[in-house]
Amino acid sequence: MELRTVLVVGTGLIGTSAALALRKRGVRVLLADREPGAVRLARELGAGEEWHPMKATPAAGEAAGQATVQPSERVDLAIIAVPPAHVATELLELQRIDAARFYTDVASVKAEPIHRAAQLGCDLGTYVASHPLAGREKSGPGAARDDLFLGRPWALCPTDEADPEAKAAVLRLIELCGANAVEVSAVDHDRAVAVVSHAPHVAASAVAARLADATDVALGLAGQGVRDVTRIAGSDPGLWLGILSGNASPVAEVLEAVANDLADAASALRALAEGDGTATNEITQLLKRGVVGHDRIPGKHGGPASSYAVVQVVIGDRPGQLARLFQACDEVGVNVEDVRLEHAPGLPLGIAELSVEPDAAGALTEALHERGWQVP
């Protein structure tokens, strides 16, 4: 199915990113948001044009000022990019004015919005819930990117009532955005994201909360590890409250399991501090389970996780340094699979950690040395 016109309701990070991706593929996009400033910024970014949902059309014999209000335009697909608690009411309003042939939403919770939509009497035949598993710690249209969904999984959760054409429309949306479609039930989706997204966010926030009262000495010693663990904790609390509220029970189950592990680890450490050497077994087992879990995270392009060699390069905090480094890698013919930067506190330099195939690490290290780079 082709999508010629798409309405995006909610011009935050996800909605605007979808609009930008669709515009890049030649789709006409209409934008709507309860915040006029958000629509204005999304338009300025090239995400589409503002949607005017109703127009006044004088019927035959009606005098001026007595026009009948009618839908202005019916689009192929409406994307509802609003918090989970508002998906169903937004869907109902759009269906009442026949705004689109088909509808989807991109909220990160699925079971509750679908249940609520059924309660309100929404047409579930034209609606297929979906969720792109992509995002950033930043929010709002200003953080949007047209490649945000590229290569990312995008769940779709059709109900038994869903029309095959509605499903086809959402599949086409996913294709146009460059994502990979994964069909899953709403209940299974919510349990899955509780494990891989929602509970980790709360855990990261709990760790970051310890830093609120940390001493200046502790913060001065902060390294890349604590930044990695707490990165997602910088997201909008209001947005995440809505997400967690919509998936409360599955998230609570995961957090209870994590809390039990942490409580056991704390007890073991207390025992270790009191001289019980056998307590190390409990901690070791948790650390080993952590390694096993980490290694199960899919790697590049969604395939099995790969083991890369890491080449560390000292890099100055000056314009063009990363470009020079990547150019050197290109000249040697080494593909950089991943890169991370760690800044040196108080110094105008840092460390670039380049992940490469193990058999390429030696050649890259030698070539960088020859070009004047400092490789520890």
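**Exercise 1. Is Cys329 buried or exposed?**

Start by noting that this is a predicted model. Next, take the relative accessibility of Cys329, which is 2%. Buried means under 20%, so Cys329 counts as buried. Now try the same step on Cys157: its relative accessibility is 2%, so Cys157 counts as buried.

**Exercise 2. Find how many disulfides the structure has, and explain why Cys157 is not in one.**

First, recall that a disulfide is a covalent bond between the sulfur atoms of two cysteines. A search of the whole structure turns up 0 disulfides. Then look at Cys157: the closest cysteine sulfur belongs to Cys177 and is 16 Å away. The cut-off for a disulfide is within 2.5 Å, so the sulfur of Cys157 is too far away for a bond.

**Exercise 3. Describe how domain 1 and domain 2 meet.**

Begin with the bounds: the domain assignment gives domain 1 as 5-184, domain 2 as 191-295 and domain 3 as 309-370. The C-alpha centres of domain 1 and domain 2 are 35 Å apart.

Now turn to the contacts, where 9 residues of domain 1 touch 11 residues of domain 2.

The size of an interface is often given as the accessible area lost when the parts come together. Here domain 1 and domain 2 bury about 720 Å² between them, with 62% of it on carbon and sulfur atoms. On the side of domain 1 that touches domain 2, the residues are 3 nonpolar, 3 polar and 3 charged.

Finally, check for pairings: the rule finds 0 salt bridges across this interface.

Key. Residues numbered from 1 in each chain as written. Predicted model: local features only at pLDDT ≥ 70, side-chain atom pairs only at ≥ 80, totals over all residues. Heavy atoms only, no water. Domains from an automatic or database assignment. Contact = heavy atoms within 4.5 Å. Buried area = accessible area lost by both parts, 1.4 Å probe. Salt bridge = Lys/Arg side-chain N within 4 Å of Asp/Glu carboxyl O. Nonpolar A, V, L, I, M, F, W, Y, C, P; charged D, E, K, R; others polar. Buried < 20%, exposed > 50% of the residue type's maximum accessible area, 1.4 Å probe, protein only.
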